[in-house]
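Please look over the sequence and the model shown here before reading the briefing.

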Amino acid sequence: MEQNRWSTISFCTYPWLSPSCSRCRSRVLRRPVPWSYYQNAVSSSYTFAWWDWERWEKQIDWMALQGINLPLAFTGQEAIWQKVFKNFNISKSHLDDLFGGPAFLAWSRMGNLHRWGGPLPQSWPDQQLILQKKILTRVHELGMTPVLPAFSGIVPAALKRVFPSAKISRLWNWFTVNSDPRWCCTYFLDAIDHLFVEIGKAFIEQQLKEYGSSHIYNWLIVLDLYAEVKPIWATSKQIYGTPYIWKVTLLFFCCVLDVVFNVIKCMLHNFAGNTEMYGVLDAVGSRPVEARISDNSTMVGVGMSMEGIEQNPVVYDFMSEMAFRHSPVDVKAWIDLYSRRRYGRFLQRMQDAWYILYHTIYNCTGGAYDKNRDVIVAFPDVDPKSISTPQIVLNDIHEQYGKRYLTGVVLEEANDSYDKPHNWYSTSEVIHALKLFLDSGNQLSDSSTYRYDLIDLIRQALAKYANELFLDVIQSYELGNLHNVAHLSQKFLGLVEDMDTLLGCHDGFLLGPWIESAKKLAQDEDQERHFEWNARTQTTMWFDNTEVEASLLRDYGNKYWSGLLRDYYGPRAAIYFKYLIESLEEGKGFNLRAWRTEWIKLTNSWQSSRNVFPVKRTGDALNVSQMLFEKYLQDLGSHDQRN
């Protein structure tokens, strides 16, 4: 294994200029650590589930450009397991109870669930094995060392019958309604049982037969998936002497023949592939270096382990550079260069805007994890009387960027029985950054990256505004003000419709490609229906529900995608508001049971629907953004909405 592969990378002094420009002076940096790790075990479902070879080619090229040399490669393993378990008298029908559906394979591989979303048609593992071989060929061609799966102990139920003396137990319930044994409590083979070694060896040998030997196995992989927020190395004596990688995640890996425990410190950053602007850029720019140069450091690399990709490009661009950084980065200077590279030209307003984003949105230092619970995409399933609204007094004036703002003091903190959205930054500052983005539109509207960032930023601002608008609805309900509840509810629903229109202005925020790419992999009409149901279900609510009890995994994989807001999130909110109004009109309590019944029925119906969504953008991003800014946000700079 050549650990010096990709040991250097070229950086351009003027990266926003053409490489052929006479002013472009390339320089070569040598890595201070050998490895750049990439991917999370669940990325294979949250993001890669429906990718074909054409999409994978683009991804592998991106990995090469980022200097990644140690990518996870989990595609196609179900075909390997079929061949392995056949030698242990386990048939395909037995494995149908183990494998989840195409959009849920990551969690069946980890033992969180079994069969949910399945069974897999045989064409699926056959196609994915072919795809995996193409992936591995290309990453090898580009000098990367793929990390392949190994046996973790998850086994089909039938193995217990075939080997009754084996030490096989059941795992715990993972969020199913009423601990449903059809989906939960997967069987697990004890690692000290001799059968564990036999199956593990057979799996390795089958992969060697299929793929050859130039790779690494996560055999003993332990990922500290949150090192940018809660690093372990500093409190564990350098992982007790184990070589590791700063990953915004810690990875223990062992080679095929020589057991070499190395730890990669990694960045998790994103849960469930949610759409939210979030990050801790100061931590990314300094902590990998601090870990590497600390006393008795055993760090051997850095990495990125986000659960879902295709969001927050600034964080991943920055993190990928840290494998080549010998000293902490001046983040302000890096941000200044980033805006030039990102949009292809220098604009002072954009540099100012990104500096604001750097110390607000991308400065989440409070330790809260980045799981998006905005009301639109994660509507609270509670009685409105259990949602307390804070009392705010506007009592202070401060000046910033030449403008005067009122700030609020919270007299009574909310004590909600639902997972309240988290807002860690000054909304007035972010709205000012958004104004700078809009002011730059005439010069940058031809840039796709500008349009993406503009839409993402105004989406973020509107989403936080919607959270406050929802609390206004609840406060009006508590006061018994029927007129205000009706008026504010309609305003909320209109906002959802407007946001759907906004998101439809860029291909990066569409529901259609997710669903159509799922259908494209189907072999017949039944598979197409099955795959589409998987795609829709992953973004809404997992597991079966009773009439009045929803799964705890509702909205876990939520997305701000055009089509999803208009077709699902909006109608769901409308149901809740309908019962608020009915409660006030009839002078009785909120009918929580009726709300849940109708909402769950909506969800089940939506997951089985077959209506088609656009796969290409429509509308002008700048014009729509300007219109929505004027309609909802331009007067919100009067006070902060931070909690």
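What follows covers a pair of crossing helices, one helix with a buried side, and one buried lysine.

This is a predicted model, in which local features need pLDDT of at least 70 and side-chain atom pairs count only at pLDDT 80 or more, while totals for chains, interfaces and linings use all residues. Residues are numbered from 1 along each chain as its sequence is written, and side-chain values use heavy atoms, with hydrogens and water left out.

**Helices α11 and α12**
- The axes of α11 (residues 313–321) and α12 (residues 331–343) cross at roughly 120° and come within 12 Å of each other, in a crossing that is right-handed.
- On the α11 side the contact (heavy atoms within 4.5 Å) is made by Pro313, Val314, Asp317, Phe318 and Glu321, and on the α12 side by Val331, Trp334, Ile335, Tyr338, Arg341 and Arg342.
- Sorted by class, this contact has seven nonpolar and four charged residues, and no polar ones.

**Helix α22**
- In α22 (residues 621–633), the buried residues (under 20% relative accessible area, 1.4 Å probe, protein chains only) are Ala621, Leu622, Val624, Ser625, Leu628, Phe629, Tyr632 and Leu633.
- These residues lie on the same side of α22 because they cover an arc of only 160° around the axis.
- The buried residues of α22 pack against α14 (427–439), α15 (441–444), α16 (448–478) and α17 (482–503).
- At the start of α22, the backbone nitrogen of Leu622 has a side-chain oxygen of Asp620 within 3.1 Å.

**Lys519**
- Lys519, which is placed in helix α18 (residues 512–520), counts as buried because its relative accessibility is 12%.
- Leaving aside residues up to four places away in sequence, Lys519 touches Glu528, Glu532, Arg610 and Val612.

Terms used. Axes fitted to C-alpha atoms, helices over the stretch in contact; angles between N-to-C directions. Helix = DSSP H or I, 4+ residues; strand = E, 2+ residues; numbered from the N terminus. Left-handed = near helix turned anticlockwise from the far one by under 90°. Nonpolar A, V, L, I, M, F, W, Y, C, P; charged D, E, K, R; others polar. Buried < 20%, exposed > 50% of the residue type's maximum accessible area, 1.4 Å probe, protein only. Arc of directions from axis to C-beta. Polar contact = N/O pair within 3.5 Å; in protein donor to acceptor, adjacent residues only side chain to side chain.
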